[in-house]
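Welcome, and thanks for taking a look at this one with us. Please open the structure in your viewer and keep the sequence to hand while you read.

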Amino acid sequence: MAIDSSSPAAVTAPVPTPPAPDRLSGRARLVLLVLCAAQFMVSLDFSVLNVALPVLGDDLGLSRSGLQWAITAFALPSGGFLLLFGRIADLYGRRRLFLTGLVVFGAASLLATLAWNPAVFLTGRALQGLGAAAIVPTGMSLLTTTFPEGPLRDRALGISGTLLSLGFTVGMVAGGTLTDTLGWRSTMGLLTLAAVAVLSTAPALLTESRTPDRPRLDIPGAVTVTGGLLAVIYALSTAAEHGFGRLDVQVSLAAGVVLLAAFVVVESRASAPLVSLPMLRQRTVAFGNLGGLLTFSMMSTIVFVLTLYLQEVLDLSAFGTGLVFGVQGVASVAAGVYAPKVIGRFGARRTLAASLLGQGLFIAALLGLGTGSGIWLATAAVSLASMCHLGAIIAYGLTVTSGVPNEEQGLATGLVTTTQQVGLTIGIPLLGVLATTHGSLFDGVRTVVAVAAGLLVLAAGVVGTGLRRAQRPSQA
């Protein structure tokens, strides 16, 4: 019997929704490659210059305090403008701002490569940071809006988190190798080539996305949060070199706290706030970002102090130190492969708390280091801690962004990436002071290890308890 397609039953019959794909298409893989390459490039910039600083200082005539600004000039804008650029991308186009950030980053890297005096070099570094502040939140929001919640997003974030962690490690190894063979300028030249490579493919692969409506940009919120973050990052970065007793450090820290407090007041009254305070009050957002802040700040600090320990206490060569962190990089890659499967089985919340605990316990194992030996313990402990760190990165990104509507993904990922960048920025200044003011370097390293391990174990308990009481089913 023929069926009348105009009958009510035929008209109202629900059309089954096709299941979300569980495999990446060829185009999706290329999009993911471009976005991950951009994130890797920015992560590389955080560490590739560190080993080259002494040579750079001699070449350009930078003093020791001036060398600190080679790092701070990048950290200030890269951390300070993240939230603002994340919101601008939501309103005016994520693809547009992502590509603009790549152009700025590439041009700034070229300027730093060709720098003929300290002022030009530091200008290039500051512009690199500004470009990074546009690339990081837009790249993350493009990723989360391109890949739907579920296995595809888990896999995409797993790959992105792996390359993010690996970029920091590769930068330390590549920085020493390039500086020894081609000079310090090659480290900045590498970043120039990376930006050109991403720009050559990104425009054809990425599609534009933005919020459907166009609310007014929250200017007072943008001014207070950007000023507050800039002031706090400046204070902590300067304190790493000169301590907290300097007047400019104290004034900047106080100003940053006041501006961030004013930001909270402004956002509570704004009609179209830069940051949704109700979103910040969600347990998944609050405790997820707390976990992200601790995992990034403590891991970057441990890598920093282990570099000092291996070279200055154990007299290990730069090449030998590079091998230690090379093993760590391999461990991170392995963790990136398996972390999404673990999250799929146990959930992002449990994985985040367990990863923080594991990271803290493996870092605590470094208390067994000695002044005459410890290479094998350092290699094993930092590699295992990095595997847990990678799991925490992916889990906290999923915890914060899952369940957030597409029109607010820029805001959510802006919070994620701000946490990431601030964590990378503040860990070394805060604990670096402990490493250099507690008698010998070895004693300082042990102090940092103990504090970092304790904070991570404490964070695991706080985050685990807080997320257990959250009510978002998708993150259970």
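At which residue does H9 bend, and by how much? The bend falls at Leu 199 and comes to about 25°. A proline, Pro 203, follows within four residues. Please keep in mind that this is a predicted model.

**The chain as a whole**

Let us step back for a moment. The chain holds 18 helices and zero strands. Of its 476 residues, 55% are buried. Taking the contacts between residues at least 6 apart in sequence, 84% of them join residues at least 24 apart. The exposed area of the chain is about 19,600 Å², and 68% of that is supplied by carbon and sulfur atoms.

**Three helices side by side**

Here are the spans of three helices, from end C-alpha to end C-alpha.

| Helix | Residues | Number of residues | End-to-end C-alpha distance | Expected span |
|---|---|---|---|---|
| H9 | 185-205 | 21 residues | 31 Å | 30 Å |
| H13 | 283-313 | 31 residues | 43 Å | 45 Å |
| H16 | 375-401 | 27 residues | 39 Å | 39 Å |

For H13, the distance agrees with the expected span. In H9, the 31 Å reach is close to the 30 Å expected at 1.5 Å a residue.

**Around H9**

Back to the helix we began with. The buried residues of H9 are Ser 186, Thr 187, Met 188, Gly 189, Leu 191, Thr 192, Ala 195, Val 198, Ala 202 and Leu 205. Arg 185 also lies in H9. Because its relative accessibility is 28%, Arg 185 counts as partly exposed. Beyond its neighbours within four places in sequence, Arg 185 is in contact with Asp 59, Leu 60, Ala 112, Thr 113, Leu 114 and Ala 115. Its C-alpha atom is separated by 8.2 Å from that of Leu 56, although the two residues are 129 apart along the chain.

Which residues of H9 does Gln 128 touch? Gln 128 sits in helix H7, which covers residues 118-146, and its contacts include Met 188 and Leu 191, both of them among the buried residues of H9. Gln 128 also touches Asp 45, Phe 74, Phe 105, Ala 108 and Ser 109, again not counting residues up to four places away in sequence. Gln 128 counts as buried because its relative accessibility is 0%, with buried meaning under 20%.

**H13 and H16**

Is H13 enclosed or open to the outside? With 24 of its 31 residues buried, H13 is largely enclosed by the rest of the structure. Just after H13, Asp 315 takes a positive phi of about 55°.

H16 can be described in a similar way: 21 of its 27 residues are buried, so H16 is largely enclosed by the rest of the structure. One residue to look at in H16 is Thr 379. Thr 379 is buried, with a relative accessible area of 11%. Leaving out residues up to four places away in sequence, Thr 379 touches Val 324 and Val 327.

**On the surface**

Leu 290, Leu 458 and Val 462 make a nonpolar surface patch of about 230 Å². Leu 458 belongs to helix H18, residues 441-468. Why does Leu 458 count as exposed? Its relative accessibility is 55%, and exposed means over 50%.

**One salt bridge, and a residue in H11**

How many salt bridges does a search of the whole structure find? It finds one. Asp 248 forms a salt bridge with Arg 246, and the closest N and O atoms are 2.7 Å apart. As for the accessibility of the two partners, Asp 248 is partly exposed at 23% relative accessible area, and Arg 246 is partly exposed at 32%.

Finally, have a look at Ala 262, which is placed in helix H11, residues 247-269. Ala 262 is partly exposed, with a relative accessible area of 29%. The C-alpha atoms of Ala 262 and Gly 221 are separated by 8.5 Å, while the residues themselves are 41 apart along the chain.

Methods
Residues are numbered from 1 along each chain as its sequence is written. This is a predicted model: local features need pLDDT of at least 70, side-chain atom pairs count only at pLDDT 80 or more; totals for chains, interfaces and linings use all residues. Side-chain values use heavy atoms; hydrogens and water are left out. A salt bridge is a side-chain nitrogen of Lys or Arg within 4 Å of a carboxyl oxygen of Asp or Glu. Buried means under 20% relative accessible area, exposed over 50%, partly exposed in between (1.4 Å probe, protein chains only). Helices (H or I, at least four residues) and strands (E, at least two) are DSSP runs, numbered from the N terminus. The expected span of a helix is 1.5 Å times one less than its number of residues. Contact means heavy atoms within 4.5 Å. Accessible areas come from the Shrake-Rupley method with a 1.4 Å probe; for residues, only the protein chains shown count as cover. Patches are made of residues with over 30% relative accessible area and no salt bridge: like charges are joined within 9 Å, nonpolar side chains (Val, Leu, Ile, Met, Phe, Trp, Tyr) within 5 Å. The bend at a residue is the angle between axes fitted to the seven residues ending there and the seven starting there.
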